[in-house]
Amino acid sequence: MREDPRCPHCEEKVSATAAWCMHCGRNFESPVNAGSDGALDDLLGSAVTDAGASGSSASGEVGDLGDVLAVLDRSSETRQGLVMAVAGATWVVLSVATGANGVVALLASAAFGYYLFQLDDAATVLVRSVYGAAALVVALQLFVAVSGGGGLPALLDGGALVVVVGLVVAGQWLEGRVESR
């Protein structure tokens with residue numbers, strides 16, 4: 001038997017023979033030993049087997065996303081990695097979709113990343129990053145249109161509108177599938 005067995009999702013204490021957590025209600029194959037060096041391996045193994053559990057959807061999408069977010073919530077370092085990846089992707093999207101100067105897009109992405117780092121959980125980071133990227137595309141497209149003197153036609157020029165619509169749709173999809181705290 002393990003000493004101090006814990007739920008691999010919420011890290012609350014559970015029975016060594018438990019198949020589900022009475023705290024968060026999620027299924028798992030076996031509890032994780034809190035003192036184990038292989039806790040992340042135990043968690044990833046549980047995430048893979050839990051995705052096909054009876055509570056997940058037929059395609060496994062909801063379970064898979066929830067399990068990935070649970071892994072990202074295990075420490076501030078993994079959440080910081082998520083924030084850095086999102087900020088980098090936002091920089092690329094801003095540079096390509098708006099045609100803004102790379103430095104301006106980088107500064108906007110860095111400030112956005114700082115905001116995201118202040119959030120408490122990976123689900124909130126993920127949902128707000130998609131909506132925030134859409135808002136930044138609109139703001140930078142407006143900046144580019146005004147500074148270039150093109151007016152309204154320049155504002156609607158390019159693929160920025162398509163990117164914004166896509167990001168908002170993705171945000172709605174994510175919001176319906178993750179539980180923000």
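Here a colleague asks a modeller about a predicted model of one protein chain.

Colleague: How many helices and strands does the chain have?

Modeller: From the N terminus on, the elements run β-β-α-α-α-α-α-α-α. The chain has 181 residues, and buried ones make up 35% of them. The count of elements is 7 helices and 2 strands.

Colleague: In which helix is confidence lowest, and in which is it highest?

Modeller: The mean pLDDT of the chain is 74, and 72% of its residues reach 70 or more. Over residues 36-62, pLDDT stays under 50. Where pLDDT is low, the predicted coordinates should not be read in detail. Confidence is lowest in α1 (residues 39-50), at a mean of 46, and highest in α4, at 87.

Colleague: What length does helix α4 reach from its first C-alpha to its last?

Modeller: Helix α4 covers residues 102-117, which is 16 residues. At 1.5 Å a residue, the expected span is 22 Å. The helix comes close to that, reaching 22 Å.

Colleague: Where on α4 do its buried residues lie?

Modeller: The buried residues are Ala105, Ala108, Ser109, Phe112, Gly113 and Leu116. Seen down the axis of α4, they fall within an arc of 140 degrees, so they line one face of the helix. Cover for these residues includes α3 (76-98) and α5 (122-148).

Colleague: Which exposed residues sit on the face of α4 turned away from its buried side?

Modeller: An α-helix has 3.6 residues a turn, so residues three or four places apart point the same way. In α4, the face turned away from the buried side carries Val103, Leu107 and Tyr114.

Colleague: Which residues form the aromatic pair, and is it stacked or edge-to-face?

Modeller: A search of the whole structure finds 1 aromatic pair. Its ring centres are 6.4 Å apart, with 20 degrees between the planes. Planes under 30 degrees apart count as stacked. The pair is Phe112 and Tyr115, and it is stacked.

Colleague: Which residue of that pair is buried, and which is partly exposed?

Modeller: Both lie in α4, 3 residues apart, about one turn of the helix. Phe112 has a relative accessible area of 9%, and Tyr115 is at 37%. Buried means under 20%. Therefore Phe112 is buried, and Tyr115 is partly exposed.

Colleague: Which element supplies the largest share of the largest nonpolar core?

Modeller: This core has 30 residues, and Leu69, Leu94, Leu116 and Val137 touch the most other members. At least two residues each come from α2 (61-72), α3, α4, α5 and α7 (160-175). The largest share, 11 residues, comes from α5.

Colleague: What does Leu94 touch, beyond residues up to four places away in sequence?

Modeller: Leu94 is among the core members that touch the most others. Its contacts include Ala105, Ala108 and Ser109, which are buried residues of α4. The full set is Gly99, Ala100, Ala105, Ala108, Ser109, Ala133, Leu136, Val137 and Leu140.

Colleague: Is Arg79 buried or exposed?

Modeller: Arg79 has its place in helix α3. Beyond residues up to four places away, it touches Leu72, Asp73, Leu119, Asp120, Asp121, Ala122 and Val125. Its relative accessible area is 17%, so Arg79 is buried.

Notes. Residues numbered from 1 in each chain as written. Predicted model: local features only at pLDDT ≥ 70, side-chain atom pairs only at ≥ 80, totals over all residues. Heavy atoms only, no water. Helix = DSSP H or I, 4+ residues; strand = E, 2+ residues; numbered from the N terminus. Expected span 1.5 Å × (residues − 1). Buried < 20%, exposed > 50% of the residue type's maximum accessible area, 1.4 Å probe, protein only. Arc of directions from axis to C-beta. Contact = heavy atoms within 4.5 Å. Phe/Tyr/Trp six-rings, centres within 6.5 Å; stacked < 30°, edge-to-face > 60°. Core = buried A, V, L, I, M, F, W, Y, C linked by side-chain atoms within 4.5 Å. pLDDT = per-residue confidence, 0-100.
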